[in-house]
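Please keep the model open in your viewer and follow the selections below in the order in which they are given. Each stop names what to select and then describes what is found there.

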Amino acid sequence: MQHLTQMPAAAEAKRLLDKLVVATSAVMIKRKWKVKMLKEFYPSNVSLLGLNVNRGASISVRLRSSGDNNTLLPWHDLLGTMIHELCHNEIGAHSAEFYQLMDSVYDDVEGGGGSSFGSGSSSGS
């Protein structure tokens, strides 16, 4: 995992990335999804909240408010972004099927447990 060490509240950002791993790892195991690298990013595009590169080769999540890098986003928003980006491991386009998958993954995440981050190559269909 990589967090932005030069930003304010870097330790809290790392804790949030760790928490995202814990919260989503059971669903990743269930669906055989892999993520090689989970990263914090702070893109200049204020509407960009996350990015999945090559179906899980890396996932970047905005942890901080676009208007104030001292303010971390609410947990629910971060988890929603993470789930959204994970779903791109399976479906690239924002289609009805993609949003159905997201709904299913949200339901699965409520169970928790396990870890798949950094454990091998990315997969997808």
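**A tour of the sheet and its helices**

Begin by selecting Asn-52, whose bridge partner in β3 is Ile-59, and bear in mind throughout that this is a predicted model. Extend the selection to β2 and strand β3 (residues 58-62), and you will have a pair that runs in the antiparallel sense over four bridges.

Next, add β1, so that the open sheet of three strands is shown in the order β1-β3-β2, with mixed pairing. β1 (38-41) and β2 (50-53) are the edge strands, each of them pairing on one side only, and neighbouring strands of the sheet are turned against each other by 20° on average when direction is ignored.

Now bring in the helices that pack on this sheet. α1 touches β1 and β3, and its direction makes about 140° with that of β1, whereas helix α2 (residues 75-87) touches β1, β2 and β3, with its direction at about 155° to that of β3.

Then select helix α1 (residues 10-31) together with helix α3 (residues 96-109), which pack at an angle of about 120° with their axes 9 Å apart and are therefore oblique to each other. On the α1 side the contact is made by Ala-23, Thr-24, Val-27, Lys-30 and Arg-31, and on the α3 side by Leu-101, Ser-104, Val-105, Asp-108 and Val-109; these contact residues divide into five nonpolar, two polar and three charged. The crossing of the two helices, α1 and α3, is right-handed.

Finally, select strand β4 (residues 64-65) and strand β5 (residues 68-72), which pair in the antiparallel sense over two bridges and are joined by a hairpin through two residues. Within this pair, Ser-65 stands opposite Asp-68 in β5.

Technical notes: Residues numbered from 1 in each chain as written. Predicted model: local features only at pLDDT ≥ 70, side-chain atom pairs only at ≥ 80, totals over all residues. Heavy atoms only, no water. Axes fitted to C-alpha atoms, helices over the stretch in contact; angles between N-to-C directions. Parallel < 35°, antiparallel > 145°, perpendicular 65-115°, else oblique. Left-handed = near helix turned anticlockwise from the far one by under 90°. Contact = heavy atoms within 4.5 Å. Nonpolar A, V, L, I, M, F, W, Y, C, P; charged D, E, K, R; others polar. Pairing = 2+ DSSP bridges.
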